[in-house]
Amino acid sequence: PFRLAAAVGRAAGRFFAGRSVIAPEDVREHRLAICRFCPHFEDEQCTICTCYAAAKVMLSGEQCPDKPPRWNRLLFSKKPPNPNELTNG
């Protein structure tokens, strides 16, 4: 429960700072694929932090608890740009 509360607190901090809270879908899928091949993944949970992987990978500010992490938090300072709005030039 404490780790979940800490993750929610970090997500709230990112939200109020104007940062993205939810990781993009392709990032979530990539993270979860990494978790599924990890020796610390059992019954849909990480045995290191006891988080449900499907929930943890959704939060942009979270990272794998392994040392070294198998995947990292997203560090962009603001919400990521919409690729449809980007122009070349």
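Trainee: Let's start with the side chain of Arg10: what is the relative accessible area of Arg10?

Mentor: Keep in mind that this is a predicted model, where local features need pLDDT of at least 70, side-chain atom pairs count only at pLDDT 80 or more, and totals for chains, interfaces and linings use all residues. Residues are numbered from 1 along each chain as its sequence is written, and side-chain values use heavy atoms, leaving out hydrogens and water. On the scale used here, buried means under 20% relative accessible area, exposed over 50%, and partly exposed in between (1.4 Å probe, protein chains only). Arg10 falls in the partly exposed class, at 39%.

Trainee: Which residue does Arg10 meet in a salt bridge at 2.8 Å?

Mentor: A salt bridge here is a side-chain nitrogen of Lys or Arg within 4 Å of a carboxyl oxygen of Asp or Glu. Helices (H or I, at least four residues) and strands (E, at least two) are DSSP runs, numbered from the N terminus. The N-to-O distance of 2.8 Å belongs to the pair Arg10 and Glu62. Arg10 sits in helix H1 (residues 2–16) and its partner in the segment after helix H3 (53–56), so the bridge ties together parts 52 residues apart in sequence, and the partner is Glu62.

Trainee: And Glu62, is that one buried or exposed?

Mentor: Contact means heavy atoms within 4.5 Å. Leaving out residues up to four places away in sequence, Glu62 touches Ala7, Arg10, Arg31, Lys56, Trp71, Asn72 and Arg73. Its relative accessibility is 5%, so Glu62 counts as buried.

Trainee: Which residues are linked with Glu62 in a network of salt bridges?

Mentor: We already have Arg10 bridged to Glu62. Lys56 also bridges to Glu62, with the closest N and O atoms 3.9 Å apart, and both Lys56 and Glu62 are buried. That gives a network in which Glu62 is linked with Arg10 and Lys56.

Trainee: How many salt bridges turn up in the whole structure?

Mentor: Besides the two at Glu62, with Arg10 and Lys56, the side chains of Asp66 and Arg70 meet at 2.9 Å, N to O. Asp66 is buried at 14%, while Arg70 is partly exposed at 37%. Searching the whole structure, the count is three.

Trainee: Switching to the fold, what pattern does the chain follow?

Mentor: There are three helices and two strands to place. Read along the sequence, they come out as α-α-β-β-α.

Trainee: How wide an arc do the buried residues of H2 cover?

Mentor: Helix H2 (residues 25–36) has 12 residues and reaches 16 Å from first to last C-alpha, close to the expected 16 Å (1.5 Å times one less than its number of residues). Its buried residues are Arg31, Leu32 and Cys35. The arc, taken from the directions from the helix axis to the C-beta atoms, puts them on the same side of H2, because it is only 95°.

Trainee: What do those buried H2 residues pack against?

Mentor: The face turned away from the buried side carries the exposed residues Asp26 and His30. The buried side of H2 packs against strand E1 (41–42) and H3.

Trainee: How many residues make up the largest nonpolar core?

Mentor: A nonpolar core is a set of buried Ala, Val, Leu, Ile, Met, Phe, Trp, Tyr and Cys residues joined through side-chain atoms within 4.5 Å. One of its members is Cys35, which touches Phe41, Ala53, Val57 and Trp71 beyond four places in sequence. Along with those, the largest core takes in Leu32, Cys38 and Cys64, and the total is eight.

Trainee: Any backbone oddities? Which residue is joined to Lys67 by a cis peptide bond?

Mentor: Omega at that bond is about -5°. The partner lies in the segment after H3, and it's Pro68.

Trainee: Which residue in the loop between E2 and H3 has a positive phi?

Mentor: Don't mix it up with Asp43, whose phi is near 50° and which sits in the loop between E1 and strand E2 (45–46). Asp43 is exposed at 63%. In the loop between E2 and H3, the residue with a phi of about 70° is Thr50.
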